[in-house]
Amino acid sequence: MARAGLTRPWTDRRAERTLGAVASIVLILIATMVVFVLAKAWPSFAHNGLRWFGGGGNVDDQLKAIFNSPADPNKYIYTLHAWPLLYGTALTTFLAVGAGLVFATLAAIFIVEFAPPRARAVLEPVVRLLAAVPSVIYGLIGILVLVKFVGEHLISEGRKASVIYVIQLSGSSLLVAVVILTVMITPIMIAIIVDALRSVPRGWVEGSAALGANRWRTMWTISVRVARPAIVAAAVLATARALGEAIMLSMVSGSVGFAPNPLDGLTFFFEPTRPLAATIVDNAEGLSVKPFGQTIYAFAAVLLVSSLFLSLGGWAAKQPLKRYAVRT
Amino acid sequence: MHRMRLPAVILISLVVLTVGVPAASAKVATITMSGSTSVAPLAAKLAKGYLKIKKNKGKVRFKLAQGGSDVGVADVAAGRVTIGNSSRDAKPSDPGGLVFNPIAKDAICLITNPSNNLGNLTLQQVQDIFSGKTVSWSDVPGASASGPISLVVRTAASGTQDAFQKIFMGSAKVASSAAQKASNGLVQQAVKGDRNAIGYVSLDFVGGVNAVSYRGVACNLRNAKSGEYGGVRNFWMVTRGAAVGAAAKFIKWIQTAAAAQRIVATDWVPLR
């Protein structure tokens, strides 16, 4: 009986209602999740106010104090100044997306315009395959190979000793985190930008060539210009992945709630940090302690709200660029 | 009547997914466990051994999940499992009404990179190193490494961290510059990969690293069993109120039966 119902030809009215129901379920789920996370996180924000986002004290000591709160709900400890974690998140994300964007744009131009057909036939599927590698594999390579190499060969003992009373340098560092994160997010960006460059109308490219511009100039002044909204979209998607990346960063970024200091010169890149998502993974064991769980939910809420603003920001950034873009 | 069928089908499937499959028939008692990753291998072995006894065959079933001591304690307090496994002692912030049943003991070893064959540490040395007072290996007698010390410790929610603090550090504070890892394996890996590192792990995880003697006693199973080694902690099976029924029998068996003690003694320290 159900089969008869499903195989009957679908009227538009029926399709509309069915799809509408599915879409509403998804929307309701997302809305419920946002409300749930915010409600769980509220005590942590309420107790700290705006200072939650500020610095001061050691964030790991604060987390430990929250975890060891007394049993009496009136005496729960909530004091937290999460700046090092927020800063670590922003630092790893923006450095990786910045570097990745340059690589991805150049690689996409190569694949679309300059690569010999044979190289293209290999490059494209490989790039798309790379985009799907689980992050834990990158984390393993990072911890087994890169962290060890950086710790043994790139950081001298003098450098380690110079900051020993502030932070220890062991190879797990901002540098390794950013390098692996860049490798992780670049393939997605390449795939999106390649598609965009391909969709540039042939006539525009040929027109430019007819005027005497060479392929590089045409690519740079016509195709890339036209593809800018797609490049923004690629950056937004990559930023979202970088923001939410937890396992890999928890493995290689150093596991200390420390804010790397740019004034330290080259040492800055060797200093450890721990982004929000990695902090959630590292501390998920303690969720049962109520104030600690609420603090973890507060981290999640910040990530959730930032990704919301990220989508809005991406949309806003695309609007002026659309004037020259391909209309689809 | 046919119009709204598909949405209805989706809704029903969602409801079924959330409600879950009803429990198995009542004749077979099911003991569910969750919690500490350190206790899990022992719990699995014990469950297997328990099922080998003839009178238990077909009478009892086990389901074992992992997730950390605090997960186990939270699960059992909420009634989601019969037994919560914990590698840390009871805390004042734990929910009321829980009973911590001891099942075994485990040693915590101090480990260094294999290239640094540090022989022995005293309590004072451990505290100085982990609190950040001693920052260079050249200040530690017996160490073959030189240069700054890298500390590798566990996150706040770890049972091993809790035990290390109580047994070794007392009221001293672990340096906040120390790298905090989320599991025994990650600490082991970090120490393996860094010539200047020192960390602490459960006795199970000393492969490929140098286990340092503590107060002149080597960290191994024999010394932990004999009670000579100082860094020993408890493994617990936590129940909500005193254990009843199948769970009570199981825990009683672990604590008293000679066969159970033999299973514990393969890699851990029996209670007696």
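Visitor: How many helices and strands does chain A have?

Guide: Chain A comes out with 15 helices and zero strands. Keep in mind that this is a predicted model. As for extent, the C-alpha atoms of chain A fill a box of roughly 70 × 65 × 40 Å along the principal axes.

Visitor: And what share of the 328 residues in chain A is buried?

Guide: Buried residues account for 40% of them. You can also look at how contacts spread along the sequence: taking contacts in chain A between residues at least 6 apart, 80% join residues at least 24 apart.

Visitor: Let's try one helix. How do I read the span of α5 in chain A?

Guide: Start with the general idea: an α-helix has 3.6 residues a turn, so residues three or four places apart point the same way. Now the case here. Helix α5 of chain A covers residues 117-130, 14 residues in total, and runs 20 Å from its first C-alpha to its last. That is close to the 20 Å expected at 1.5 Å a residue.

Visitor: Why does α5(A) count as lying largely in the open?

Guide: Of its 14 residues, the number buried is one, so α5(A) lies largely in the open.

Visitor: What about a pair of helices? At what angle do α9 and α10 of chain A pack?

Guide: Helix α9 (residues 202-210) and helix α10 (residues 215-226) of chain A pack at about 140 degrees, and their axes are 10 Å apart. An angle over 145 would be roughly antiparallel, so at this value α9(A) is oblique to α10(A). The crossing of the two is right-handed.

Visitor: Which residues make that contact?

Guide: From α9(A) you have A:Trp204, A:Val205, A:Ser208 and A:Ala209, and from α10(A) there are A:Thr218, A:Ile222 and A:Ser223. Sorted by class, the contact has four nonpolar, three polar and no charged residues.

Visitor: Now a single residue. Is A:Ser135 buried or exposed?

Guide: In between. A:Ser135 sits in helix α6 of chain A. With 19 other C-beta atoms within 10 Å, A:Ser135 is partly exposed, since buried takes 20 or more. Beyond its neighbours within four places in sequence, A:Ser135 is in contact with A:Met184, A:Glu245, A:Ile247 and A:Met248.

Visitor: Last one: how many residues of chain A are in contact with chain B?

Guide: There are 44 from chain A, in contact with 32 of chain B. Elements of chain A giving two or more residues to that side include α2 (12-48) and α6 (135-154). By class, the chain A side has 20 nonpolar, 15 polar and nine charged residues.

Conventions: Residues are numbered from 1 along each chain as its sequence is written. Chains are lettered from A and ligands numbered from 1 in the order in which they are written. This is a predicted model: local features need pLDDT of at least 70, side-chain atom pairs count only at pLDDT 80 or more; totals for chains, interfaces and linings use all residues. Axes are lines fitted to C-alpha atoms, for helices over the stretch in contact, and angles run from 0 to 180 degrees between N-to-C directions. Helices (H or I, at least four residues) and strands (E, at least two) are DSSP runs, numbered from the N terminus. Angles under 35 degrees count as roughly parallel, over 145 as roughly antiparallel, 65 to 115 as roughly perpendicular and the rest as oblique. A crossing is left-handed if the near helix is turned anticlockwise from the far one by less than a right angle, and right-handed if clockwise. Two residues are in contact if their C-beta atoms, placed from the backbone, lie within 7 Å. Ala, Val, Leu, Ile, Met, Phe, Trp, Tyr, Cys and Pro count as nonpolar, Asp, Glu, Lys and Arg as charged, and the others, Gly among them, as polar. The expected span of a helix is 1.5 Å times one less than its number of residues. A residue is buried if 20 or more other C-beta atoms lie within 10 Å of its own, exposed if 12 or fewer, and partly exposed in between; C-beta atoms are placed from the backbone.
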